[in-house]
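I opened this notebook page to record what I looked up about how the chains meet and how a pair of helices packs. The entries follow in the order in which I looked.

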Amino acid sequence: MANGQLIFVSGGVRSGKSAWAERRIRESAGSRKVYLASGQAHDTEMVKRINRHQEDRDGQGWVTIEQPLHLEKALPYIERGDAVLWDCATTWLANELYEGWEKGAPCADQPGCMETKWAALQNTIQNLQSRTKLLVIVSNEVLDDFIRDEMYQRWLGRIHCWIASQAGEAYEMENGMAQKRK
Amino acid sequence: MHIVFGGAFNGKREYVKKRLAGQEVDWFESKLPKSPAVSAAIVVAGIEHRIKSQLASGISEFHIREELQEMLAKYKDNKLIWVLTDMNRGIVPIDPLERELRDVLGRIYQFLFSEATEITRIWYGIPQNLKGGDGR
């Protein structure tokens, strides 16, 4: 089976990228609308926020899969012909890079740790693409600023460049307007 | 004069290297060329680091700009390529030096943009032509 379409969309906070991505999924010919969420709730406000978004989507027939770490674990729940929205690469990276920090041993401090996770992510994205009708990857613009966390920002740049190179279409979201870059 | 502009880790240097493949290049990282150029093409990258240390040691924005103007005049017959990193779309820095750097960089970049004949913005490896050039 031919690979499904891959779309990359990135933008600032509240730029409308998620709503745009959801619309692309709704308008696609995917058999199910799947929301692959990387967000983790760290406080009650976050729990409420996540629940509210999920209820909104459930009402519109979405299937939500929460997979903050190890995206490959979501693969068995993806069906052939699904339209999948992955939200988002920035959150996933933070989760993976700092996994184990509470034990004093974050992945970021262990040689080769992130490299392994990155290889797994690339495989997972290609795997997702091979079985979905449409895969939309959402991310954030955080590289037009002073370097605050070099390892995080370097990885994010690398991930974004790779996703953009793999994508059939890539968009930069400016206040609700999708600028096509590819 | 060609400017290649974009956020950090977006693949700006890779883009320049690819475009200049097979050519003799003098590449300056965090410094400016001083002596007469050996190669036809000159790349100046990472001037934000140089300007930050200049500001930290009390060198004025006026002097920094003057130095750049002299450099542009000196190498006007060379193929000059700048790799400029956009750092000005974040929140206001707490550190006063970083605040100053942001202001100075913004004005210096504006000056360089006005002098450039070709400007390419790089967004995750994808070039976008902003000024002049052939849009490659």
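Entry one, the interface. I looked up the salt bridges between chain B and chain A, and the count is two; the model is a predicted one. For one of them I noted the partners, the side chains of Arg148(A) and Glu98(B), which meet at 2.9 Å, N to O.

I then turned to the extent of the contact, to which chain B gives 22 residues and chain A gives 24 residues. Between them the two chains bury about 1,800 Å², and 61% of this lies on carbon and sulfur atoms. On the side of chain B, I found that Phe9(B), Trp123(B) and Tyr124(B) lose the most area to chain A, together accounting for 46% of what that side buries.

Entry two, a helix pair within chain B. I looked up how helix H2 (residues 47-56) of chain B packs with helix H4 (residues 96-115) of chain B, and I noted an angle of about 125° with the axes 10 Å apart. Because of that angle, H2(B) is oblique to H4(B). I recorded the crossing of H2(B) and H4(B) as right-handed.

For the residues that meet, I listed from H2(B) Ile47(B), Glu48(B), Ile51(B), Lys52(B), Leu55(B) and Ala56(B), and on the side of H4(B) I noted several, among them Leu97(B), Leu101(B), Val104(B), Ile108(B) and Leu112(B). Sorted by kind, the residues of this contact of H2(B) with H4(B) are eleven nonpolar and four charged, with no polar ones. I also noted that Glu98(B), the salt-bridge partner of Arg148(A), is listed among the H4(B) residues that meet H2(B).

Notes:
Residues numbered from 1 in each chain as written. Chains lettered and ligands numbered in written order. Predicted model: local features only at pLDDT ≥ 70, side-chain atom pairs only at ≥ 80, totals over all residues. Heavy atoms only, no water. Axes fitted to C-alpha atoms, helices over the stretch in contact; angles between N-to-C directions. Helix = DSSP H or I, 4+ residues; strand = E, 2+ residues; numbered from the N terminus. Parallel < 35°, antiparallel > 145°, perpendicular 65-115°, else oblique. Left-handed = near helix turned anticlockwise from the far one by under 90°. Contact = heavy atoms within 4.5 Å. Nonpolar A, V, L, I, M, F, W, Y, C, P; charged D, E, K, R; others polar. Buried area = accessible area lost by both parts, 1.4 Å probe. Salt bridge = Lys/Arg side-chain N within 4 Å of Asp/Glu carboxyl O.
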